[in-house]
Amino acid sequence: MAADYIMANKPSADRQQIEATWDRIAADFPVLPEKEICVNDVVFRVVHAPWTPDREPKVYIKTGLNFLAWARIAGVRYRFVLQPLDTLGGGKRWEIRYGDIVDWIIWANHMFQMVTLSTMKSGAGFPLDVHGQSVPFIRSKTGSALADVGGKVLAQYEEMPRFRELEIRLLDKYPALGIRIIGKDTIESLHQVAEKTYELAVNYDNLKAFNLVILPGHGYRGDVVFFPRRKDGRSIYGEERWQIAGLEFAGLLLCREEEKFARMNAEMVAKVFESVRISRTEMEEVISLLHTF
């Protein structure tokens with residue numbers, strides 16, 4: 001069934017066509033100041049992206065998957081909102097579904113972009129309207145991106161019944177605590193990554209308090225980082241009420257104020273995540289969930 005679903009749902013346009021559509025919509029997109037900041041050898045991309053009036057026409061791009069993409073003209077080039085088909089035309093839901101994860105993994109690999117999700121208690125700007133966002137994958141010459149962060153292996157390939165094509169790791173040296181679920185390059189593996197991610201999200205706080213960062217791979221390889229968030233929903237940092245959500249957890253920090261952009265350094269990035277992430281004790285409870293299903 002998983003293979004049938006994936007074979008029937010493939011992107012209907014190539015990456016160049018989709019990016020060309022973004023370019024037409026955002027013909028006057030400005031080059032924004034940005035810099036790299038290393039925290040424990042992990043690079044964060046910081047962009048000065050001031051608030052601008054909403055001028056984004058809702059030009060929906062058919063993807064061939066169970067969502068439409070529209071250009072988000074804010075912060076970074078080739079940023080898209082991924083809107084599930086069943087939420088269009090007045091339909092609403094707040095909870096992510098297994099099929100969303102499958103489709104977003106396919107999109108991440110096809111576009112070579114990161115896909116992020118923010119939920120009710122994890123900084124979502126529209127918490128009752130589930131959607132993903134995709135942005136170009138962060139690379140760096142001066143350090144590691146999120147995809148390069150190592151970690152303790154919690155479950156090896158071939159170890160878990162029903163999930164033998166997965167490896168699960170605990171992120172190391174990242175300022176936010178997360179669990180990384182990595183699959184092999186097979187259709188069955190992609191299905192297993194999506195299912196294990198969904199099970200973890202349900203069992204942690206019933207789909208309400210987590211961010212996902214789907215990292216791009218090749219073929220059918222799934223690579224998802226699950227960031228559990230505080231169950232009290234705290235997502236705001238500082239007097240500017242900076243909302244820390246999926247993009248930030250993926251390593252992309254959009255600074256609205258010029259002064260904040262200028263003073264952003266490794267110490268401040270670490271403080272941002274320390275204020276909104278879960279504790280190590282809470283993370284042990286999340287890890288224990290891996291032994292319950």
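**Exercise 1. Two helices that meet**

Find how the axes of helix H2 (residues 15-25) and helix H3 (residues 98-111) are placed relative to each other.

*Solution.* Step one: take the axes. The axes of H2 and H3 come within 9 Å and cross at roughly 90°. Axes here are lines fitted to C-alpha atoms, for helices over the stretch in contact, with angles from 0 to 180 degrees between N-to-C directions. Helices (H or I, at least four residues) and strands (E, at least two) are DSSP runs, numbered from the N terminus.

Step two: name the arrangement. H2 is therefore roughly perpendicular to H3. The classes are roughly parallel under 35 degrees, roughly antiparallel over 145, roughly perpendicular from 65 to 115, and oblique for the rest.

Step three: list the contact residues. H2 brings Arg15, Ile18 and Glu19, and H3 brings Trp107, His110 and Met111. Contact means heavy atoms within 4.5 Å.

Step four: sort them by class. The contact of H2 with H3 has three nonpolar, one polar and two charged residues. Nonpolar covers Ala, Val, Leu, Ile, Met, Phe, Trp, Tyr, Cys and Pro; charged covers Asp, Glu, Lys and Arg; the others, Gly among them, are polar.

A note on the model: it is predicted, local features need pLDDT of at least 70, side-chain atom pairs count only at pLDDT 80 or more, and totals for chains, interfaces and linings use all residues. Residues are numbered from 1 along each chain as its sequence is written, and side-chain values use heavy atoms, with hydrogens and water left out.

**Exercise 2. Counting disulfides**

Count the disulfides, then check Cys38 and Cys255.

*Solution.* Step one: apply the rule. A disulfide is a pair of cysteine sulfur atoms within 2.5 Å. The count comes to zero disulfides.

Step two: check the cysteines. For Cys38, the nearest cysteine sulfur is that of Cys255, 16 Å away, and Cys38 is in no disulfide. Cys255 is in no disulfide either.

Step three: add exposure. Cys38 has 34% relative accessibility, so Cys38 counts as partly exposed. Cys255 has 0%, so Cys255 counts as buried. Buried means under 20% relative accessible area, exposed over 50%, partly exposed in between (1.4 Å probe, protein chains only).

**Exercise 3. The two sides of a helix**

Which residues of helix H8 (residues 280-289) are buried, and which exposed residues does the opposite face carry?

*Solution.* Step one: pick out the buried residues. In H8, Met283, Val286, Ile287 and Leu289 are buried.

Step two: place them around the axis. They cover an arc of only 145°, so they are on the same side of H8. The arc is that of the directions from the helix axis to the C-beta atoms.

Step three: turn the helix around. The face turned away from the buried side carries the exposed residues Thr281, Glu284 and Glu285.

Step four: find the partners. The buried residues of H8 pack against several elements, including strand S8 (151-155), strand S9 (166-171) and helix H4 (187-205).

**Exercise 4. A strand residue and its partners**

Describe the surroundings of Val42.

*Solution.* Step one: locate it. Val42 is in strand S2 (residues 42-48). At 2% relative accessibility, Val42 is buried.

Step two: compare sequence and space. Val42 and Ser144 are 102 residues apart in sequence, yet 4.8 Å apart in space, C-alpha to C-alpha.

Step three: list the contacts. Leaving aside neighbours within four places in sequence, Val42 is in contact with Ile37, Ser144, Val149, Lys173 and Tyr174.
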